[in-house]
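Okay, thanks for coming, everyone. I'd like to walk you through one structure today, going from its pockets to a helix and then a few single spots. Let me put it on the screen.

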Amino acid sequence: MLSDSAPVSMPAQSSAGVRFDWGVLGARALTTETSVVVVVDVLSFCTAVSVAVGRGTAVLPIAFGDESAAQVARDRDAVLAAGRRGATPEHPWSLSPAALLTAPVVPRLLLPSPNGSTISALASGVVVAACLRNASAVAGWLWHQGHCTSANPAVVVAAGELWPDGSLRPAVEDLLGAGAVMAALADHGASLSAEAQVTVAAYRGITHVATALRGCASGQELIGSGFAEDVEVASAIDADTVVPVLSGGAFTAAA
């Protein structure tokens, strides 16, 4: 469940093994009945986590805007990631997955983001970071660990983006990332809620996922800002086999 918040009242998604919703409030509503949270933030927190953890870096999530981030990084002996535009040759670690593919590997990286990192930092129980790059690996690990059943359900949370007023903006890239994970779970035999089934249908209805990522609002924003490579890195379906699981306050690779 998500901490530091009052429970949100809403109907449960029946007895399905895999449930789906959006953002902090969606996670808060559904995680009262599940012990597994799969956070999906394709552009770009969870993609950055998949890349970094796959290279051997432990990634620490933190709520975006936390003014103590620098102190937390010092206390946890971690490198504090810069904003995309704040990265330099001397400090190349940022939210950019493309940059993390080539940056020197550090033992611990504190990675703020307003969506995926915030949800991860607030969640408890088993927390997994998923994206298009590791969708099949995450699904396989969850299933073989005995999750995603009616007795031990999981909630897949598409992080989405935020409007300037702080309200949720559902994002195509996270719909596709969540759909990829849940489609793989369905192939393993997991039962899906109606919300999850609709999301999987949307994912399976897209012929060219990379084209969709380039054309969606978030993709266009990154491309227009000079970060087209981040979109390409994020669209590489099943390029990674790592399953980042939050343990001791940091995402590390599941055994």
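Let's begin at the second largest pocket, where helix H1 gives the most to the lining, with four residues. Before I go on, keep in mind that this is a predicted model. The volume of that second largest pocket comes out at about 180 Å³. Helix H1, residues 23-30, and helix H5, residues 116-122, are the elements that give it two or more lining residues. The lining has 14 residues, and nearest the centre you'll find Gly23, Val24, Leu25, Leu162 and Leu168. What sort of residues line this pocket, by class? Eight are nonpolar, six are polar, and none are charged.

Now over to the largest pocket, with a volume of about 560 Å³. Its lining takes 23 residues, and the ones closest to the centre are Arg84, Leu95, Pro114, Glu161 and Leu222. This lining does have charged residues, five of them, next to twelve nonpolar and six polar. Three elements that each put in at least two residues are strand S5 (108-113), strand S8 and helix H10.

That brings me to H10 itself, which runs over residues 217-224 and has Ser218, Gly219 and Leu222 buried. Why do those buried residues line one face of the helix? Looking down the axis of H10, they fall within an arc of 100°, so they end up along one face. As a reminder, an α-helix has 3.6 residues a turn, so residues three or four places apart point the same way. Flip to the other side of H10 and you get Glu221 and Gly224, both exposed. And Leu222, one of the buried ones, is also the Leu222 we just met among the residues closest to the centre of the largest pocket.

What covers the buried residues of H10? The cover includes two strands, S8 (161-162) and S9 (168-169), along with helices H7 (172-188), H9 (209-215) and H11 (228-234). Just past the end of H10, Gly226 has a positive phi of about 90°.

For contrast, have a look at helix H2, residues 45-54, where nine of the ten residues are buried. Among them are Phe45, Cys46, Thr47 and Val53. Here too there's a glycine with a positive phi just after the helix: Gly56, at about 105°.

Next, a single residue: Ser94, in the loop between strand S4 (79-80) and helix H4 (97-102). Is Ser94 buried or exposed? Its relative accessibility is 1%, so Ser94 counts as buried. Its side chain has a polar atom 3.1 Å from the backbone nitrogen of Ser96. Leaving out residues up to four places away in sequence, Ser94 touches a list of residues including Ala81, Gly83, Leu100 and Leu111. Arg84 is on that contact list as well, and we saw Arg84 close to the centre of the largest pocket.

Last stop is Ala254, in the segment after strand S11 (250-253). Ala254 has 23% relative accessibility, so this one counts as partly exposed. Pro244 is ten residues away from Ala254 in sequence, yet their C-alpha atoms are 6.1 Å apart. Setting aside neighbours within four places in sequence, the contacts of Ala254 are Trp141, Val243 and Val245.

That's the tour from me. Happy to scroll back to any of these spots.

Technical notes. Residues are numbered from 1 along each chain as its sequence is written. This is a predicted model: local features need pLDDT of at least 70, side-chain atom pairs count only at pLDDT 80 or more; totals for chains, interfaces and linings use all residues. Side-chain values use heavy atoms; hydrogens and water are left out. Buried means under 20% relative accessible area, exposed over 50%, partly exposed in between (1.4 Å probe, protein chains only). The arc is that of the directions from the helix axis to the C-beta atoms. Contact means heavy atoms within 4.5 Å. On a 1 Å grid over the protein atoms alone, a cavity is a set of points where a 1.4 Å probe fits but cannot get out, and a pocket is an open set with protein on both sides within 12 Å along at least five of seven lines; lining residues have an atom within 4 Å of a point. Grid points are joined across faces, edges and corners, and a volume is the space filled by probe spheres set on the points. Ala, Val, Leu, Ile, Met, Phe, Trp, Tyr, Cys and Pro count as nonpolar, Asp, Glu, Lys and Arg as charged, and the others, Gly among them, as polar. A polar contact is a pair of N or O atoms within 3.5 Å; within protein, one must be able to donate a hydrogen and the other to accept it, and residues adjacent in sequence count only if both atoms are side-chain atoms.
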